[in-house]
Every structure is written in structure tokens, then in C-alpha cells.
Amino acid sequence: MLSQEVRALVKGTAPVLKTHGEALTRHFYARMFHHNPELKQVFNQGHQQGGQQQQALAAAVAAYAEHIDDPSVLVPVVERIVHKHVSLGIRAEHYAIVGKHLLASISEVLGEAATDELIAAWAAAYGQLADLLIAEESRLYAQSAAKPGGWTGWRAFRVERKAPESAEITSFYLVPADGGQVPEYLPGQYISLRVYVPELGMMQPRQYSLSDAPGQGRLRISVKREGGAGGAPAGSVSNVLHGRINEGDVLDVAPPQGDFVLQTGRPAPVVLLSGGVGLTPMVSMLNHLVSRDDGRQIRFVHACRDGSVHAMKEHINETAAARPNVRKIVYYETVGAGDRPGRDYDYVGRMDLQAIRDLAVLPDADYYLCGPLPFMSAQRQALARLGVAPERIHAEVFGTGGPGA
């Protein structure tokens, strides 16, 4: 338990961290990668270049300082972090390295304001947080290893099949290269894989949602090729997967993780809301429910730019046609010459839940959101305006907090 004095010192830095936290985290990553360059292949270098990783860490550090008196407020964030750490192979020994560079960065960035007492307080606070994360990650590692077919770390998987789903998205069907068993996972979870990126001269990991129901004897991911539009860096790993990985090739894969999962403890209706490649975990959830002949009401509501980027369209259409409890609703931002209303899409423009509330907003339903941050924010706000309780809304974010490119 941290003393009152330690908590007061750490909490007192929260305003500074909110204002200057990104400068601190940029300094931290530059310092750590200079002294420990081997860690570059553990971290997403695309997010480093784009600044997302620095922003995410700055927000996390400031939130921890602000809530040091009651860290339980941060439990949902901690759960997401430990799942991601386990998926990337973060181990207990890494925490000492991170702690050393974080404390040094606080001292170097804050200058004279970083008194010996403040650094000692942050050392104690970091130690407490590290112990919590290590304990939770150890539990997840043990859980992954104990499953039939389970493992920890990296395992070789062979690309059994590579199938285009749209102009931007391709599915990769993965089977264990050792001929062993594939463990069960929860619909909505993701895997990490890593590939060698020649342009960076190193291995790079990424998380991708599993896009099919568990129990198939293989894993499937459906990856969007990120082209770097709008000044954003191109997706280095997604481009390697699309352009250089072929059937028969072998990839390093970490076991399934993630806390964005289908709620199975109650037979509530299910509303799946996705934007773009955010449909991948939704297809996993849908396929799982269908494979179990689950009779609850299901709504699959999807938005994308147009028909050329509409992935898994035929599969969703066939599922909805065959199952009276499943209804699909599709929005296209723009309509192409070959796009057919009622078959390919139902509405034109951005997803508008208010306009389709009678179709998509079901009493006592669980709502699952996945897609770009602006999409997620808009749909969460729309659901709140429609009276949906926050605990009924479950969200996954593509980016530093979840699966990415």
C-alpha cells in the first residue's frame, strides 16, 4: 500500500502530465530504444511514427497519477493492457527496463521539479502498478498454456489459405505448423502475429481480430491493407501480409487474447455495429451464435465506403436469408454503378441509429461496437441518446488499444 505522502506527490504531477505528458513519453521511448534497441521489435513502430503510442502512454500515465487514490477506476484499462501485453509476449523482466527509463525520463524532462522525493514516489507507484500487471499477465499466461492446444509466446502457423474478401481486405486461414491442436477462444478475441518487415529491418508484431467462430481447427484473420492515405504511415505489416505472404508460408502467432468478447452469461438479443474492417470480430460472434443454433434476435449493422470494400457480403447475406432471427442492415457512404439496393446495401450515408431504431435498437440487448474511433464515438453517443445503458455497450478499438494494421 502506498503511503499518503507518496500518493500526494504522484497525484500532484497529474496536471503537468496532462499538459506535457506526450513530450515525456516521446522522450521515454527515444531513450528506451536508444539503450535497448532490441525492444523495437516488440513495439508497433507504425504507432511510434504516427505518435499514437506516445499519446496512449501519456494518457495512461496521467490517468494513473490522477486516480492514484483509487486505482480501481482504471480496472477496464488494466484488463485491456494485460491482454495486449500477453499477446505481445511482455514478461516480468521487461518491467525493470521500462521502469528505469520512465523514471529517468521524468527526471530529465521535468528538470529541477523532479526532486528526489518525487522520483522516489514515482518509483514506488510504478512498482505497485508493475506488480499488479505482472500478476494479471502471469494468470493469463498460465491460462493460455493450460488449454488443450494452448501455448505461450510464439508458435509457428502455416498459411493454409489466402482469400480476398474485398478490394482492401484479405483473409488468412492459419493452421499449426507442428500439426497440433488449435485452442478454443472467445468470439471477439484477437491474435498477435509477427513478420519481418524489410523496410524496417526487423520483426514487427500486430494484433488482428479472429474473424470466424471458434472450434474450426484453424484460425482466421481478415486483414485490411493500409495504404497510408491522408498522410498516415502505410501499414507495414498489413502490406507484407498482402504482398509477400502466400499460401504455405509460416508465421509466428501468439495465443488468442482480448477482453472484447461476446457476453455468454445471459440470453440477451445481440446487436453488432461495425465500420469498415471492424466487422471482423462481429463475424466471429455471428458465426459462433449461428453454429450453436442460438435463437436469440441478432442484428448485424455494418457501414463501409461502398461495395468495392464491403467484405464478406455474400456470407452475411446468406446467413441472414437462412436465419429468421438474424437481420442485416448495411450502409454505404457512396453507391457505385454495380451496387444494388436491398441486396448489397440498405441505406446511403453514415450509419444513423436514430433512423433505424425500430430495426436495430432492441429491448435489453447487448451492443457491440468495432471500427474507427470517430465511428465508435458517434455510435456510442447515439446509443446513449436512445436510452441504452452504458453497461450494455461493449467496444473494441482498432489502434494502440486493440487490433490494428
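How much area is buried between domain 2 and domain 3, and what percentage of that area do carbon and sulfur atoms give? Keep that in mind while you set up the view. What you have open is a predicted model, so treat each stop below as a computed picture.

**Stop 1: colour by domain.** Make three selections from the domain assignment: 4-146 for domain 1, 155-257 for domain 2 and 270-396 for domain 3. Now hide domain 1 for a moment and look at the other two. The C-alpha centres of domain 2 and domain 3 sit 24 Å apart. Between these two domains about 1400 Å² is buried, and carbon and sulfur atoms account for 60% of it.

**Stop 2: the domain 2 and domain 3 interface.** Select the residues in contact across the boundary: you should pick up 19 from domain 2 and 16 from domain 3. Next, show Arg 305 and Glu 168 as sticks. Their side chains form a salt bridge, with N to O at 2.8 Å. The count of salt bridges between domain 2 and domain 3 is one, so this pair is a handy landmark for the interface. Polar contacts between the two domains come to four residue pairs, counting pairs with both residues at pLDDT 80 or more.

Stay on the domain 2 side and select strands β2 (169-176) and β5 (219-224); each supplies at least two residues of the side touching domain 3. Which of the elements gives the largest share of that side? It's β5, with three residues. Colour the domain 2 side by class and you get eight nonpolar residues, six polar and five charged.

**Stop 3: the annotated residues.** Bring domain 1 back and zoom to His 85, in helix α5 (residues 75-88). The unreviewed UniProt entry places a "binding site" feature at His 85. Leaving out residues up to four places away in sequence, His 85 touches Ile 90, Tyr 95, Glu 137 and Tyr 141.

Two of those contacts deserve their own selection: Tyr 95 and Glu 137 carry the "active site" feature in the unreviewed UniProt entry. They are spread over 43 residues of sequence yet cluster in space, the largest C-alpha distance being 11.9 Å. To place Tyr 95, show helix α6 (residues 92-110), where that residue is found.

**Stop 4: a salt bridge between helices.** Select Lys 18 and Glu 66 and draw a distance between their closest N and O atoms: 3.3 Å, a salt bridge. What does the pair link? It joins distant parts of the chain, with Lys 18 in helix α2 (residues 14-35) and Glu 66 in helix α4 (residues 52-66), 48 residues apart. If you want to keep exploring, the count of salt bridges comes to 22.

How values were computed:
Residues are numbered from 1 along each chain as its sequence is written. This is a predicted model: local features need pLDDT of at least 70, side-chain atom pairs count only at pLDDT 80 or more; totals for chains, interfaces and linings use all residues. Side-chain values use heavy atoms; hydrogens and water are left out. Domain bounds come from an automatic or database domain assignment. Contact means heavy atoms within 4.5 Å. Buried area is the accessible area (1.4 Å probe) that two parts lose on being put together, summed over both. A salt bridge is a side-chain nitrogen of Lys or Arg within 4 Å of a carboxyl oxygen of Asp or Glu. A polar contact is a pair of N or O atoms within 3.5 Å; within protein, one must be able to donate a hydrogen and the other to accept it, and residues adjacent in sequence count only if both atoms are side-chain atoms. Helices (H or I, at least four residues) and strands (E, at least two) are DSSP runs, numbered from the N terminus. Ala, Val, Leu, Ile, Met, Phe, Trp, Tyr, Cys and Pro count as nonpolar, Asp, Glu, Lys and Arg as charged, and the others, Gly among them, as polar. UniProt positions are given in the numbering used here, feature names are shortened, and annotations may be inferred rather than shown by experiment.
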